[in-house]
Amino acid sequence: GLVRYSLDEVSRYEGLGGKIERKGSVADLSKSELRDYNIRDVELLIEINKRYGFVEKDLYLAREVSVPLQYHKANFLGDILILRRLRELGYVAPNSVRGVKKGYEGAMILEPKAGLHERVAYCDVVSLYPTAVICENVDIAGFSGEVVPYLVAYFFKRKEEESEKGNKVGRDAYKTLANSLYGLFGYQYFRFFDENNALKVTETGRKVLNKMIDAVRSLGLEVLYADTDSVFIKMDGIEDVSPVVDYINDVIHPYKVKFEGIFDKIVFYGREGGGVKKRYIGKMGDKWVFRGVEI
């Protein structure tokens, strides 16, 4: 796990060595030393990008949405996509004004059972909130699935197409576009700001998570922790997790849960009176997973 995301630490974590070590400040370097120092930085950035395709994904988004690279925040992407869709339908959108936030209930989090646990299954719902937009037909006022649900469904389809081609960059780009839309309703500078729609999405998420928890408990299994779209299930004595996953999927259909793996050991942090939400550390095979924990 990474403690910091400096270029030196990331490159060492990726097995690429690190930056050129220097004594003193950059200003103390000679011209040739400064050249070599910067060339090494660029070489590391190129190698990291080859592995993860960050630049390629941004370029993919820029072509798809027709915006410069610096505008790749979710609110910009979502707003542009909705304006384009409205134009296709023959409508002109109103100007953006600042909405008045009243607040609404967000995601559901079940308090964790603090302590060390062994053999814990980790499952989460695939694209919970974007799927809720489609299934619950959450759209801007005056439209019934023709704008936001239409766009989310389209990007889901494109994501699957690119995934089948083995195009990871395209798959990730379309996933980003689908995810850029559902949260806009709760953003007060969004021209179609509507907390009732935002509430529909989070309310659906809570219902789906509760169904998952009830399904697990009906099988006589213990839910150690649940957060937004994920459940952690104690799997003592159960070798094959697939029947449990299949049953949960039957219960929460049309939503779909994905089995992410088994924690050999996991620690949920606690305090006096109970567990601490969003703070755990676990080992899944050779992989360490951290949440809310500084190493």
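**Turns, helices, rings and a sheet**

Q: How exposed is S66, as a relative accessible area?
A: A friendly note first: this is a predicted model, in which local features need pLDDT of at least 70 and side-chain atom pairs count only at pLDDT 80 or more, while totals for chains, interfaces and linings use all residues. Residues are numbered from 1 along each chain as its sequence is written, and side-chain values use heavy atoms, with hydrogens and water left out. Burial is judged with a 1.4 Å probe on protein chains only: buried is under 20% relative accessible area, exposed is over 50%, and partly exposed lies in between. S66 counts as exposed because its relative accessible area is 58%.

Q: What is the phi of S66?
A: Most residues other than glycine have a negative phi. S66 sits in the loop between α3 (54-65) and α4 (74-89); helices here are DSSP runs of H or I with at least four residues, strands are runs of E with at least two, and both are numbered from the N terminus. Although S66 is not a glycine, its phi is positive, at about 65°.

Q: Which residue in the loop between α5 (128-135) and α6 (148-164) has a positive phi near 55°?
A: The residue is partly exposed, with a relative accessible area of 33%. It is not a glycine, yet its phi is positive. The residue in that loop is N137.

Q: Which residue follows H253 across a cis peptide bond?
A: Most peptide bonds are trans. Here omega is about 15°, and the bond is cis. The residue joined to H253 lies in the loop between α9 (242-252) and β5 (257-271), and it is P254.

Q: Which residue caps the N-terminal end of α8?
A: Helix α8 (195-218) has 24 residues and reaches 34 Å from its first C-alpha to its last, close to the 34 Å expected, where the expected span is 1.5 Å times one less than the number of residues. Just after α8, G220 takes a positive phi of about 80°. At the N-terminal end, a side-chain oxygen lies 3.0 Å from the backbone nitrogen of N196; that oxygen belongs to D194.

Q: How are the rings of Y122 and F232 arranged?
A: The structure holds 19 aromatic pairs, meaning Phe, Tyr or Trp rings (six-membered ring for Trp) with centres within 6.5 Å; planes under 30 degrees apart are stacked, over 60 edge-to-face and the rest tilted. The centres of Y122 and F232 are 4.8 Å apart with planes at 20°. The pair links strands β2 (115-125) and β4 (230-234), 110 residues apart in the chain, and both residues are buried. By the angle of its planes, the pair is therefore stacked.

Q: At what angle do the ring planes of Y225 and Y280 lie?
A: Y225 and Y280 are both buried. They belong to one aromatic cluster with Y122, F232, F263 and F268. With centres 6.2 Å apart, the Y225 and Y280 rings are edge-to-face, because their planes lie at 65°.

Q: Which strands stand at the edges of the open sheet?
A: The seven strands run in the order β1-β3-β4-β2-β5-β6-β7 with antiparallel pairing, where two strands pair if DSSP finds at least two bridges between them. β6 and β7, for example, pair over five bridges, and G282 stands opposite V289 in β7. Each edge strand has a single partner, so one side is left without a neighbour in the sheet; the two are β1 (109-110) and β7 (287-291).

Terms used: A polar contact is a pair of N or O atoms within 3.5 Å; within protein, one must be able to donate a hydrogen and the other to accept it, and residues adjacent in sequence count only if both atoms are side-chain atoms.
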